[in-house]
Amino acid sequence: MPVKNYDQVWHNGKFIPWADATIHVSAHVVHYASSLFEGIRCYDTPQGPAIFRLKEHTDRLVNSAKIYRMDVPYSREELSQAMVDLIRVNNVKHCYLRPVVFRGAGEMGVNPLKNSVEVYILAWEWGKYLGDEALRKGVEVCISSWQRIAPNTLPAMAKAAANYMNSQLIKMEALTNGYTEGISLDNSGYVSEGSGENIFVVREGKIFTPPLSASVLPGITRDCVLVLAKELGYPLVEQNIAREMLYIAEEVFFTGTAAEITPIRSVDRIVVGKGQPGPVTRSLQERFLSIVQGQAEDRYGWLTLCGQPVAAAR
């Protein structure tokens, strides 16, 4: 999906033009994928631009860097404030934010410890990640032949660029074979996640989702669904999910900051339920969107309004 960028970029404490947000080809990240990042939506609400779960995204970014022994030279509060300020400087109502922390130029070699740490925050206009009709009609997916990274290979709890080489293989295979997205299995053969989304299954009155031990990124929208399922009275179980359970499920859906809550209408050309978004998916989707779009009370504190300092918004 094309990027319609906004002019100003935050780089190491300063705002610079988008065209100047460059790195040298010798940067460590280019050769060894030493990068951690986040993807965060800012919604246009009746109260003004509001960033979705800013604190949780910032915490995950810093924690990802910690796992990779990368010292972020800014506090969580400074990073959060920078994202609010970036929206103000660009004078936008809605956007997608991409804070990225990576190792820059310096020494070559696998050892990254002596290389500088760079921080950029970008903003751009991004539509529906899985297509304009995805939220309304659902998407067709396949089980990928590419297995998700095993827990003792790369840390799945870190949102690292290196992990997304695996995701690219899953996504390209799905697109090449005529699907919108692919679902990967973990190293034990259980359902893990999509190339960039968590997954939920509805069957016999319960909602199921794979545990974090199934090489699953601890998704922030995933966490929202855990909260909203309880609010709406749906029993939710975190457990290993067999591949065939997707075929006989009543409903299946993806979650993610980019994907939001996207129904799945078929898996491997096997129709899920009635082949259209089901009532559980619809109710969760409607409740989620009503909160993040500012149409319902933000009772869980998921939105940070950009018209006030971060500290005042907490």
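Colleague: How many disulfides does the count come to?
Modeller: A disulfide is a covalent bond between the sulfur atoms of two cysteines. Here it is taken as a pair of cysteine sulfur atoms within 2.5 Å, and by this rule the count comes to zero.

Colleague: Which cysteine sulfur is closest to that of Cys 306, and why is there no bond?
Modeller: This is a predicted model, in which local features need pLDDT of at least 70, side-chain atom pairs count only at pLDDT 80 or more, and totals for chains, interfaces and linings use all residues. Side-chain values use heavy atoms, with hydrogens and water left out, and residues are numbered from 1 along each chain as its sequence is written. Cys 306 has its closest cysteine sulfur 4.4 Å away, which is too far for a bond, and that sulfur is in Cys 42.

Colleague: Is Cys 306 buried or exposed?
Modeller: Buried means under 20% relative accessible area, exposed over 50%, and partly exposed in between, with a 1.4 Å probe and protein chains only. At 5% relative accessibility, Cys 306 therefore counts as buried.

Colleague: How does Val 30 count by relative accessibility?
Modeller: Val 30 has its place in helix H1, residues 28-32, where helices are DSSP runs of H or I with at least four residues, numbered from the N terminus. Because its relative accessibility is 46%, Val 30 counts as partly exposed.

Colleague: How far apart are the end C-alpha atoms of helix H3?
Modeller: The expected span of a helix is 1.5 Å times one less than its number of residues. For the 15 residues of H3, residues 76-90, this rule gives 21 Å, and the end C-alpha atoms agree, being apart by 21 Å.

Conventions: Helix = DSSP H or I, 4+ residues; strand = E, 2+ residues; numbered from the N terminus.
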